[in-house]
Structures are given as structure tokens and as C-alpha cells.
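Q: I'd like to learn how to read a structure feature by feature. Can you take me through one?

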Amino acid sequence: MAHRQSARIDPKNHLREMFAGIAGGYDTINHVMTWGMDKGWRRRAAAACIAAGADGVLDLGCGTGDLTKDIIYLAGDKTEVVGFDGSYFMLEIARQKTESRGENKRVSFVCGDAANLPFPEGSFGCVGLSFAFRNLTFEHPLAERHLAELLRVLCPGGQCVILETSQPTFPLIRWFFHLYLRFFVAAVGRLLSGQQGAYRYLAESTSRFYTVAAMRKLLITAGFRQVSYRPLFFGAAGIWVAVK
């Protein structure tokens, strides 16, 4: 597969600008806010991507490349991994991570628009998303387009592996989770990054994100034929696997 290409993006997109502003400290802040648990969660998601038996894996919305790096570490030599994101700043950090590990020969990075993925139909056996699904779908005017493009680049029988925040089932746990988001995540993110808007968005969008049932319905409606879910940390996060 030949994926080493680039597509210009719209610089006015507020999400791209927002994440560009926090790119430098993004990893550290995520680790602090999840008490380091996000590292293990990504390794589980990466293992799920490899378990799909894919020769090609797309890390959609790869950001600074943590999931990409874990997939490369677990993948065989024949597996091509492509990291795709809308932020040049994030992708530059992702490139540096893979180069520092000497793994850049098996990975390529593409910057572009998730609503117009620059890949042929059926290019990948697996598409992975690590905390990027929310940004592409939740209350997004192009949500249907993003899901259609995701499905298009998956081969028949291919799997989409989604690591994302979730809504705890038990009301008391959910109440504490939302309290944590409002008073800790937003405050710590603002303190460490200096970007108030970015982490306010992350906290608010997380607290209002889809329930497990709503997420499953969204994926089935989009065209996936089978959806499974594994809760993480009392349901504060989860891993979805959806089959095309």
C-alpha cells in the first residue's frame, strides 16, 4: 500500500487549532489526568488492533502517536501502520517518537481531513482510534461523513477498534466521574497547558458523551454488523470493537 502522501487542511477548524495549542504538553497532561492508566488502555487497544489479523492498520486521529507506537511495537514486520491526523504539530511529535525507537520504517504519517481520507476503498484491515472518536462524531456536523469514510477504507470483515471515554453504568460512579471531570480535569489541564478552552471542551464533551447503548446504536446505524464493548475503570472508559 502506498500511503505516504499529504493533504492540506483547513486552518480555521477550531478543533485543529485547539489541539495544536496543547500539542507540546498533551501526553503529560493525559497521563496526569488518568493517573497513568491511559498507557495500559492504549496497549490493550493496540493488542485488539493486532488481533484483527490485519496487514494494514490505520490509526485515525493519531495525535501524538501513542497508539501508533504501541501498534508498531506489537505488529509483525509485514504490518504497515499509518498514523493520520489533522494537526501537523501533533504528527511531528508522533514522527519523533517512532524515529527515536528506530521503528519509522514500518510507519508513515499523513495529515489531512478525516471527512475525505486520501486512501482507496478497503485499504486497511483495522482502523484504530484512541480518544479521537469523540472529536469526529459527538455533536459534530460531519459525524455521518466521518463514519462513512471510516467504513469505506476498511476492507470487508475489517475491524474498527475504538478506545474512548464512556459513561459509567452505576449512577453514583457516574456522578463522581462527572465531578472529577468538572473540577479536576478542566482545572489541571488549564494549569499545566495554559489552554483553558481545550480542556474545558474535553471535560464537557466527556461528561456528555454517548452511553454504551447509544454508542452501539451509532455504530450499527453507521453500517457495522457487530459491536462488542469492554469497560475500563468502572466504565469511565471502554474499548469498542466494530466489524464491517
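A: Sure. Keep in mind that this is a predicted model. Start with the contacts: of those in the chain with a separation of 6 or more, 76% are between residues 24 or more positions apart.

Q: What does the secondary structure of the chain come to?

A: There are 10 helices and seven strands. The chain has 244 residues, and 52% of them are buried.

Q: And how much area does the chain expose?

A: About 11,600 Å², with carbon and sulfur atoms supplying 56% of that.

Q: How do I read burial along a helix? Take H7, for instance: which of its residues are buried?

A: General idea to begin with: an α-helix has 3.6 residues a turn, so residues three or four places apart point the same way. In this case, H7 covers residues 143-153, and its buried residues are Ala-143, His-146, Leu-147, Glu-149, Leu-150, Leu-151 and Val-153.

Q: What do the buried residues of H7 pack against?

A: Three strands and two helices are on the list: strands S1 (56-60), S4 (124-130) and S5 (154-165), plus helices H6 (133-137) and H10 (212-222).

Q: Why is helix H4 described as largely enclosed by the rest of the structure?

A: Because seven of the nine residues of H4 (residues 66-74) are buried. Those residues are Asp-66, Leu-67, Thr-68, Lys-69, Asp-70, Ile-71 and Ile-72.

Q: Where does Ala-94 lie, and which residues is it in contact with?

A: Ala-94 lies in helix H5 (residues 88-100), and it is buried at a relative accessible area of 1%. Setting aside neighbours within four places in sequence, Ala-94 is in contact with Gly-63, Thr-64, Gly-65 and Phe-109. You can also look at C-alpha atoms: those of Ala-94 and Thr-68 are separated by 8.1 Å, and the two residues are 26 apart along the chain.

Q: Now cysteines. How many disulfides does the count come to?

A: A disulfide is a covalent bond between the sulfur atoms of two cysteines. The cut-off to apply is sulfur atoms within 2.5 Å, and by that rule the count here is zero. For Cys-49, the nearest cysteine sulfur is that of Cys-126, 3.7 Å away, and Cys-49 is in no disulfide. Cys-155 is in no disulfide either; its nearest cysteine sulfur, again that of Cys-126, is 9.4 Å away.

Q: Are Cys-49 and Cys-155 buried or exposed?

A: Cys-49 counts as buried, since its relative accessibility is 1%. Cys-155, at 24%, counts as partly exposed.

Q: How many aromatic pairs are there?

A: The count is 10. One of them is Phe-138 with Tyr-210, an edge-to-face pair with 5.3 Å centre to centre and 90 degrees between the planes. This pair links distant parts of the chain, 72 residues apart: Phe-138 is in the loop between H6 and H7, while Tyr-210 is in the loop between helix H9 (196-207) and H10. Phe-138 is buried at 13% relative accessible area, and Tyr-210 counts as buried at 17%.

Q: Which residues do ring pairs link into a cluster?

A: Trp-35, Tyr-180 and Phe-184.

Q: Last one: which residues make the nonpolar surface patch?

A: Leu-172, Trp-175, Phe-176, Leu-179 and Phe-183 make a patch of about 570 Å². Take Leu-179 as an example: it is found in helix H8 (residues 171-193) and is partly exposed, with a relative accessible area of 32%.

Conventions: Residues are numbered from 1 along each chain as its sequence is written. This is a predicted model: local features need pLDDT of at least 70, side-chain atom pairs count only at pLDDT 80 or more; totals for chains, interfaces and linings use all residues. Side-chain values use heavy atoms; hydrogens and water are left out. Buried means under 20% relative accessible area, exposed over 50%, partly exposed in between (1.4 Å probe, protein chains only). Helices (H or I, at least four residues) and strands (E, at least two) are DSSP runs, numbered from the N terminus. Contact means heavy atoms within 4.5 Å. Patches are made of residues with over 30% relative accessible area and no salt bridge: like charges are joined within 9 Å, nonpolar side chains (Val, Leu, Ile, Met, Phe, Trp, Tyr) within 5 Å. Accessible areas come from the Shrake-Rupley method with a 1.4 Å probe; for residues, only the protein chains shown count as cover. A salt bridge is a side-chain nitrogen of Lys or Arg within 4 Å of a carboxyl oxygen of Asp or Glu. Rings of Phe, Tyr and Trp (its six-membered ring) pair if their centres lie within 6.5 Å; planes under 30 degrees apart count as stacked, over 60 as edge-to-face and the rest as tilted.
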